[in-house]
Amino acid sequence: MTDSRNLDPQVHIKSPGALFVGGQWVKSSGGGVLEVISPVSEQVLMRFPDATTADMDRAVAAAREAFDHGPWPRMSAQERGQALLKVSELLLARMPELANAWTCQVGAPIGLTKYAAMQAPQLFEYYGKLIQQTTLVEERRRDNGGLVRVCKEPVGVVAAITPWNAPLVLLCYKVAAALAAGCTVVAKPSPETPMDAYLVAECIEAAGLPPGVFNVLPAGREVGDYLIRHPGIDKISFTGSTAAGKHIAAVAAQRLTRTSFELGGKSAAILLEDADLGVAFKSLVPYSMPITGQVCFSLTRVLVPRSRQQEILDAYVAAIRGIKIGDPFEADTGMGPLAMARQLERVQGYIAKGQAEGATLVLGGGRPKQFSKGFFIEPTVFSDVETTMTIAQEEIFGPVVSFITYDDVDDAVRKANSTVYGLHGAVYTQDAERGYAVARRVRSGSVTVNGLVVDIKMPFGGFKQSGQGREGGIEGLDPYFELKTIHFA
Ligand code: NAD
């Protein structure tokens, strides 16, 4: 592996030693340092300040001031929308860096990040246009003819907390929608992957948004916990694990802080008896283990009819064997390393558990021999998996796929619905309407018939313990509003 971008990712961050607070790049009040480690070289790529609770106080105060007294929430929707379109243009101009940042921090293949990072400017463009078309004041009449104005007002100061796996896009879902609505934002990116939030901050600064409207403070769980308890925060928009989401929900309940949650998943791909494998594998192969399986909507459970179980398993394993594992900066790499050492430990633990509980290891299970360093793991496939097994119930967040056999469609639906999660899913069949009928029975926030589609202009989110609320689409804007009803007596 020779590509030097795993040592120098060519991401040019103006002030990596500072925090973005109140429109300025400021020093942290503490001396803590966060190191971004390359999952390939295991070398430090960049250092950032580890924000303190005092820094959070300063950022919340700046966001509060910008919301309570600043121009942003009071601007017309047209003005805010135009400002977001400018941010979109600036992000677009930095595309290669945005893709590099994702690849160097997470190990996601550059072939994927090059187009997936496009969602960042697309989100700012989408919400920049949508807010200009949104009716913010609607006139209605009471039964007695009295006039009522139902007004959408921004919810206030938003804490945007994001994970490390898709740090750019997950942040932009929140920030573009929140800013469009007129909110101000304190963003706490994951301590392992702060680069993207800095690039977004630079674009927001360059677009001339008022000071305090957007603030960035990378920090870990403890300082994040301080942020969610902060009385200056009106809404928490959280993407991350279900465990952390439940904790945050409990904390938020104390003050009835508004919340949105995008949490874990254990999505099922149901192949009906008539599934065309040529069609199915176009999405099932890449999206059962995207970004080394570290994507919330990965199709990690493959449900196959008993009559075709061996045929489908053999074909799938052959296809997975064809994926090139290696340097994520090489164009033909299909799978890079896991993002960090603790991920490697976690995934190895689940593989051991799968074997201990009696699943059959069909492919992988170990570390690829050709790499002397880096958090690489082999793509791993288990068959004979029962729905009660840990590997069929818990989110592994690694390239580990479970094959589960079903007897008939009712059994397939029951098995698809047999976890606490309900984020995504897929149904493969040659009869699209039959696929739709099965999709309607799957308890998850989205399902794709014969593919895997996530579209920023459509709602995305979870049933059950996969989340609350939706991001993307019109529905992704609504959670950043409060409704105010003004009656004329
Ligand atoms: P995590 O829950 O450990 O951390 C997510 C973020 O929350 C990080 O910034 C972390 O510092 C912060 N955090 C953790 N505990 C906190 C607390 N008590 N108070 C405030 N902040 C806190 O998750 P992770 O390991 O970073 O990410 C992986 C998880 O994210 C997986 O479960 C994955 O499914 C989920 N995810 C969901 C979606 C979705 O859209 N549904 C998208 C991507 C990732």
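This is a chat about the ligand site and a few elements of a predicted model.

Biologist: Hi! What should I know before I start looking?

Modeller: The model is predicted, so local features need pLDDT of at least 70, side-chain atom pairs count only at pLDDT 80 or more, and totals for chains, interfaces and linings use all residues. Residues are numbered from 1 along each chain as its sequence is written, and side-chain values use heavy atoms, with hydrogens and water left out.

Biologist: Great. How many residues surround the ligand, and which are the closest?

Modeller: There are 28 around the ligand, and the closest are Thr162, Arg221, Ser241, Leu263 and Glu395. A residue is near if one of its heavy atoms lies within 4 Å of the molecule.

Biologist: And what is 2.5 Å from an oxygen atom of the ligand?

Modeller: That is an N or O atom in the side chain of glutamate 395. Another ligand oxygen entry is lysine 188, with a side-chain N or O atom at 2.9 Å. A nitrogen atom of the ligand also sits 2.7 Å from a polar backbone atom of leucine 263.

Biologist: How much of the ligand does the protein bury?

Modeller: The protein buries 94% of the 850 Å² that the ligand exposes when taken alone. Those areas come from the Shrake-Rupley method with a 1.4 Å probe.

Biologist: Which elements give two or more residues to the shell?

Modeller: Helix H8 (221–229), strand E10 (235–239) and helix H9 (242–255) do. H8 provides the largest share, four residues. Helices (H or I, at least four residues) and strands (E, at least two) are DSSP runs, numbered from the N terminus.

Biologist: Which domains does the shell draw on?

Modeller: At least three residues come from each of domain 1 (4–263 + 466–487) and domain 2 (268–458). The bounds are from an automatic or database domain assignment.

Biologist: Back to lysine 188. Is its strand, E8, buried or exposed?

Modeller: Five of the five residues of E8 (residues 184–188) are buried, so the strand is largely enclosed by the rest of the structure. Buried means under 20% relative accessible area, exposed over 50%, and partly exposed in between (1.4 Å probe, protein chains only).

Biologist: Which way do the E8 residues point?

Modeller: Thr184, Val186 and Lys188 point one way, and Val185 and Ala187 the other. In a regular strand the side chains alternate between the two faces of the sheet.

Biologist: What stands opposite lysine 188?

Modeller: Isoleucine 161 does. Strand E7 (residues 157–161) runs parallel to E8, and five bridges join them; pairing takes at least two DSSP bridges.

Notes
A polar contact is a pair of N or O atoms within 3.5 Å; within protein, one must be able to donate a hydrogen and the other to accept it, and residues adjacent in sequence count only if both atoms are side-chain atoms.
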